Amino acid sequence: MSDTTLEGNTSHVQEKGFSSSETKPGNTILQISNITVSFDGFKALNDLSLNFELNELRCIIGPNGAGKTTMMDCITGKTRADEGTVLWYPEVNKTVDLLKLSEAEIALIGIGRKFQKPTIFESHTVFENLELAMKTDKRVRFSLFAVVDDVTRDRIADILRLINLNEHADQLAGRLSHGQKQWLEIGMLLMQDPKLLLLDEPVAGMTDDETERTGELFNSLKGKHTLVVVEHDMAFVEQLKSKVTVLDQGSLLCEGPMAEVQANPKVIEVYLGR
Amino acid sequence: MHLKVGLLTTKIIMSTTHTPFVVRFFSATGRKGWVALALFALLTIVAVPSSHLLLPVDHALHIPTFYVTLLGKIMCYAIVAVAMDLIWGYAGVLSLAQGLFFALGAYAFGMYLMREIGLDGVYQSHLADYMVFLDWKEYPWYWKFTEHFLYSMMLVIVAPGLLAFVFGFFVFRSRVKGVYFAIISQAMLYAFLLLFFMNNFGFGGNNGFTDFKRILGYSITSPEMRATLFALSASMLMFALLLGRYLVTSKFGRILTAIRDAEMRVMFLGYNPLWYKLFIWTLAAIICGVAGALYVPQVGIINPSEMATANSIEIAIWTAIGGRGTLIGPAIGAVVVNLSKSWFTVAFPEYWLYFLGLMFVLVTLLLPQGLVGLYQQLRARMVR
């Protein structure tokens with residue numbers, strides 16, 4: 001990907017402003033409206049509304065219990081929202097209500113998710129992990145007769161290079177280091193070729209060097225995919241130079257570029273106060 | 001057979017989309033596997049039957065009826081163990097109901113065997129003896145067509161398969177897993193045990209079916225029939241191993257183990273685990289049913305005790321002792337445990353269950369990979 005596209009896209013995101021209106025603005029790919037999720041009376045999400053734009057890179061921060069992971073659970077079908085809507089706009093004039101779909105169906109329409117704790121297939125090789133993630137027919141009748149074809153092989157080779165694991169293709173995934181497991185999971189998401197990638201703490205447990213390379217990887221992906229990154233590592237969030245959304249107690253606190261958000265007194269209060 | 005088996009031993013098989021399915025199916029089993037299968041076939045399809053049929057009874061190498069029947073029975077258990085490995089070892093679903101599917105297959109074929117008795121029963125009626133005893137005038141509707149061999153063969157597959165499909169659909173859809181699944185499967189097993197115990201259910205109550213006379217008109221007790229049934233059981237075991245090996249080395253099998261290890265990840269990759277579990281669960285039930293159908297003419301009786309909870313737990317024990325997730329391991333486990341059982345129950349009849357329990361505890365503690373794992377460890381040590 002060329003630098004111009006990168007630049008172009010970043011500035012485009014910033015020009016666009018930070019609206020979260022009810023109707024679909026031109027470039028929205030996912031719209032969360034007034035979502036509420038409660039667990040035994042505790043509101044993990046409280047009337048939360050968010051918009052994600054096509055091919056943007058967005059960081060979501062917030063103190064523990066702010067509802068970041070629950071928000072991802074709602075989008076991917078893991079948790080059912082009590083109220084509100086989550087709408088997906090894969091193409092022009094097409095709207096999908098995600099709350100009506102199962103986890104697998106949501107994955108198939110182009111939403112990939114990385115979990116907080118790396119979740120990979122430990123007793124499979126790195127190659128096999130990627131093979132299973134490949135975007136293809138996922139039904140039993142196909143899997144029973146499937147053969148690893150050249151297209152899959154090439155795609156796996158590309159992704160292996162991208163996530164720096166080409167030397168480990170035949171190694172059992174359980175043997176990888178923590179950071180490598182994180183990368184493998186990211187690689188599995190990319191094999192799915194999703195429109196939207198939800199990444200829950202992707203650099204947790206990575207070395208500084210690995211974190212920086214992950215940042216480079218994400219920066220190179222924006223413009224091709226929509227990326228939503230939940231992170232605690234502020235240095236990493238700064239490296240991504242993206243729009244930042246701050247959640248607190250299940251609600252939207254503020255949105256804007258990192259510098260602006262950091263200067264916001266409300267943000268300073270939730271992070272340092274109390 | 002001109003398969004390039006040697007070139008096709010790696011897990012990601014080197015075949016392409018152009019390789020015919022039959023070739024892929026058989027090449028999933030590696031060269032060593034084929035050598036072992038060939039030796040096994042020679043032993044079970046040629047050596048044992050000819051020793052039993054051709055050698056005089058007093059010959060040193062003659063295998064008496066008792067042993068042919070015993071080994072045939074153990075072959076059936078080994079088939080069940082392979083099915084158990086598919087569902088438990090590979091898909092991670094601990095089923096305590098495999099004995100039910102085994103018994104259903106046995107009952108399905110038993111119905112045919114009952115019809116084949118004809119007028120040779122105690123009461124010389126075309127009805128089964130216990131039906132005469134109950135003063136029934138005709139076979140209940142669900143006995144219809146069971147006098148046809150092919151129909152009963154179909155029933156052997158459909159009865160356990162359909163039950164497994166319906167039960168599995170609802171249970172897997174509700175995402176019941178682990179120990180909860182084990183308990184629910186055992187509850188189903190127990191419900192069927194009670195059902196089959198009822199005299200008016202039409203399956204002979206606690207006596208079940210027995211006194212079989214013929215299969216397709218041939219005497220069931222003739223040496224030829226015994227040798228044939230034994231060879232058929234061994235062949236079915238080999239087929240189950242080949243089928244299992246193809247399945248677990250296919251993409252389907254890799255998804256199955258992925259579901260076992262990280263079901264959430266599998267779902268978020270777009271696979272619906274329901275259909276994967278349901279497929280292997282139903283297939284395992286059918287394989288158990290076929291094993292049951294081969295078992296019933298060799299043992300000569302089928303009654304609800306085959307559905308006892310202890311029997312199904314024992315199936316899990318064979319699998320664990322042999323080595324889960326290896327296919328051949330559970331088959332070996334079934335053979336080893338049952339051979340020692342037949343010796344032990346003669347030598348120390350009261351202590352068998354204690355011994356079985358002890359064996360299970362020791363294997364779980366010391367050999368988590370079972371006998372196959374032990375063999376691999378020993379070999380690794382030898383090489384070093």
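Biologist: Into which domains is chain A divided?
Modeller: In this predicted model, chain A splits into two stretches of assignment, one of them discontinuous in numbering. Domain 2 covers 116-193, and domain 1 takes 3-110 + 194-272. The answer is domain 1 and domain 2 of chain A.

Biologist: How many residues does each domain of chain A give to the contact between them?
Modeller: The centres of the two domains of chain A, taken over C-alpha atoms, are 25 Å apart. On the side of domain 1, helix H3 (103-108), E7 and helix H8 (208-221) of chain A each give two or more residues. That side consists of eight nonpolar, three polar and three charged residues. The contact takes 14 residues from domain 1 of chain A and, from domain 2 of chain A, 10 residues.

Biologist: Why is one side of E6 and of E10 in chain A left without a neighbour in the sheet?
Modeller: The sheet is open, has mixed pairing and runs in the order E6-E7-E8-E3-E9-E10 (chain A). Strand E6 (111-114) and strand E10 (251-257) of chain A stand at its edges, so each has a single partner strand.

Biologist: Which residue stands opposite Leu57(A) in E8(A)?
Modeller: Strand E3 (residues 57-61) and strand E8 (residues 226-230) of chain A pair in the parallel sense, over four bridges. Leu57(A) faces a residue of E8(A), namely Leu227(A).

Biologist: What angle does the direction of helix H2 of chain A make with that of E7(A)?
Modeller: Helix H2 (residues 68-76) of chain A packs on the sheet and touches E3, E6, E7, E8 and E9 of chain A. Within the sheet, neighbouring strands are turned by 20° against each other on average, direction ignored. Between H2 and E7(A) the angle is about 145°.

Biologist: Which element of chain B gives the most residues to the side that touches chain A?
Modeller: The contact takes 25 residues from chain B and 27 residues from chain A. On chain B, helix H9 (251-268) and helix H10 (273-299) are the elements that give two or more residues. By class, this side has 14 nonpolar, seven polar and four charged residues. The most, 12 residues, come from H9(B).

Biologist: Are H9(B) and H10(B) roughly parallel or antiparallel to each other?
Modeller: Their axes come within 10 Å and cross at roughly 160°, and the crossing of H9(B) and H10(B) is left-handed. Residues that meet include Ile255(B) and Leu256(B) in H9(B) and Tyr276(B) and Ile280(B) in H10(B). The residues of this contact are eight nonpolar, no polar and two charged. Angles over 145 degrees count as roughly antiparallel, so H9(B) and H10(B) are roughly antiparallel.

Conventions:
Residues numbered from 1 in each chain as written. Chains lettered and ligands numbered in written order. Predicted model: local features only at pLDDT ≥ 70, side-chain atom pairs only at ≥ 80, totals over all residues. Contact = placed C-beta atoms within 7 Å. Nonpolar A, V, L, I, M, F, W, Y, C, P; charged D, E, K, R; others polar. Pairing = 2+ DSSP bridges. Axes fitted to C-alpha atoms, helices over the stretch in contact; angles between N-to-C directions. Domains from an automatic or database assignment. Parallel < 35°, antiparallel > 145°, perpendicular 65-115°, else oblique. Left-handed = near helix turned anticlockwise from the far one by under 90°.
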